[in-house]
Amino acid sequence: MRVKAIALLSGGLDSSLAIRLMLDQGIEVEALHFVSIFNATAPEKPSLLRPLRVARQLGVPLVPMRFTAEQLALLRDPAHGFGSQMNPCIDCHMAMLRLAAERMRETGAQFLVTGEVLGQRPMSQRSFVLHQIAKDTGLGGLILRPLSAKLLPPTIPEEKGWVDRERLLDIYGRSRKRQLELARHYALTEHGSPAGGCLLTDPGFAARLRDYFGHLAGAEPDLNDLHLLKYGRHFRLDAATRVIIGRVHRENVTVYTFSRPADLLLTTRDAPGPTALLRCATVGLSDRAAEAESARLGKPAVALLRGSESDEHIRTAAALTARYSKLRAQPLVAISVTPGRSHPGPASRVIEVAPSEDAAADERRIGA
Ligand code: SF4
């Protein structure tokens with residue numbers, strides 16, 4: 001019977017090569033890909049597309065694993081802290097390995113494979129951290145890291161002779177030179193760029209996420225909100241209210257698609273302009289209750305819930321919308337204001353506003 005391993009496959013080069021090295025040694029491999037809202041993929045591309053292509057090129061089965069809930073739980077208070085942004089890499093990696101270990105037991109696989117490279121990432125790929133991860137997950141010598149194996153103590157698959165240590169590698173550090181040579185050697189073409197991957201490491205996204213968590217006021221994070229953090233420019237008007245403005249057509253469509261009946265959508269009436277979304281966290285009411293009330297009265301919830309203050313917010317959102325339109329040099333710009341998608345209420349109205357000054361826009365901007 002062939003020895004079987006479960007491998008973590010991000011879709012990047014390192015995890016692809018780690019699997020390739022195992023296949024070279026006759027190991028049967030099943031690849032796991034962790035699917036999360038924080039995976040960085042272009043909006044028009046499903047996050048599974050790349051790993052599916054990589055798995056097909058390698059000729060291994062791919063099992064997608066839902067991972068958003070685990071990552072969200074980790075973001076509250078990661079035991080090993082964050083990396084340079086909102087990335088709790090050590091705890092995140094441990095969570096992945098624990099899930100992979102469950103899969104290993106379910107499928108009767110003998111060990112786990114990862115594409116980690118010693119010294120490549122400052123937080124999670126230092127020697128003592130790799131050791132700590134193996135210890136804390138209870139997986140000990142069952143985790144094989146083929147790209148750096150010769151720099152690490154022998155693992156169980158090596159000791160048992162399932163894998164020949166001499167045919168493993170000793171790659172260290174951030175240079176991708178050897179990996180790129182190997183990719184050419186193995187004619188691997190489907191892997192993603194080295195920089196791609198995880199939005200939690202992106203400074204702009206991390207700033208927006210920090211701001212979002214900082215204003216949740218005890219509420220649970222909302223998937224629609226989290227998706228929206230990936231697109232457009234974000235502005236905070238007060239603790240409960242934000243504006244999101246699309247930067248390009250694709251983002252305008254996304255902003256519209258994610259809008260809810262309780263939101264307001266704004267855009268320029270007389271020239272091409274961005275789509276902006278004004279969202280109030282509806283303090284004291286759940287979204288569902290706010291939407292039901294909004295639909296019953298035929299008014300957007302943002303206006304219902306915030307009284308006269310909301311008019312100020314609508315004007316600020318309109319001024320920001322004008323600022324990012326082609327009419328930004330005009331003294332006054334007509335902005336259409338409509339309820340969010342699927343709202344059964346009134347048609348749009350138009351307000352005229354002066355475009356926001358750069359300094360005022362910058363002051364409200366969240367992240368860059
Ligand atoms: S980069 Fe993102 S997905 Fe990878 S270990 Fe860190 S937090 Fe987790």
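This passage walks through the overall make-up, one sheet and the nonpolar core of a predicted model.

The chain is built from 13 helices and 14 strands. Of its 368 residues, 45% are buried. Contacts often reach far along the sequence: among those between residues at least 6 apart, 66% join residues at least 24 apart.

A good place to start is an open sheet of 5 strands, whose order is 4-2-1-5-6 and whose pairing is parallel. Strand 4 (62-66) and strand 6 (143-144) each have a single partner strand, so they form the edges of the sheet and leave one side without a neighbour there. Further in, strand 1 (residues 4-8) runs parallel to strand 5 (residues 111-113), and 3 bridges join the two. In this pairing, Ile6 has Leu112 of strand 5 as its bridge partner. Helix 4 lies across strands 1, 2, 4, 5 and 6, and runs at about 155° to strand 1.

Attention can now turn to the nonpolar core. In soluble globular proteins, nonpolar side chains tend to be buried together. The largest nonpolar core here holds 86 residues, and the members that touch the most others are Ala5, Ala7, Leu112 and Val243. Helix 4 (residues 89-107) supplies the largest share of this core, with 8 residues. Because domain 1 (4-197) and domain 2 (202-366) both give residues to the core, it lies between them.

Val243 offers a closer look at such packing. Leaving aside residues up to four places away in sequence, Val243 touches Phe235, Leu237, Ala276, Leu277, Leu278, Ala317 and Leu320.

Definitions and conventions. Residues numbered from 1 in each chain as written. Predicted model: local features only at pLDDT ≥ 70, side-chain atom pairs only at ≥ 80, totals over all residues. Core = buried A, V, L, I, M, F, W, Y, C linked by C-beta atoms within 7 Å. Buried ≥ 20, exposed ≤ 12 C-beta atoms within 10 Å, placed from the backbone. Helix = DSSP H or I, 4+ residues; strand = E, 2+ residues; numbered from the N terminus. Domains from an automatic or database assignment. Contact = placed C-beta atoms within 7 Å. Pairing = 2+ DSSP bridges. Axes fitted to C-alpha atoms, helices over the stretch in contact; angles between N-to-C directions.
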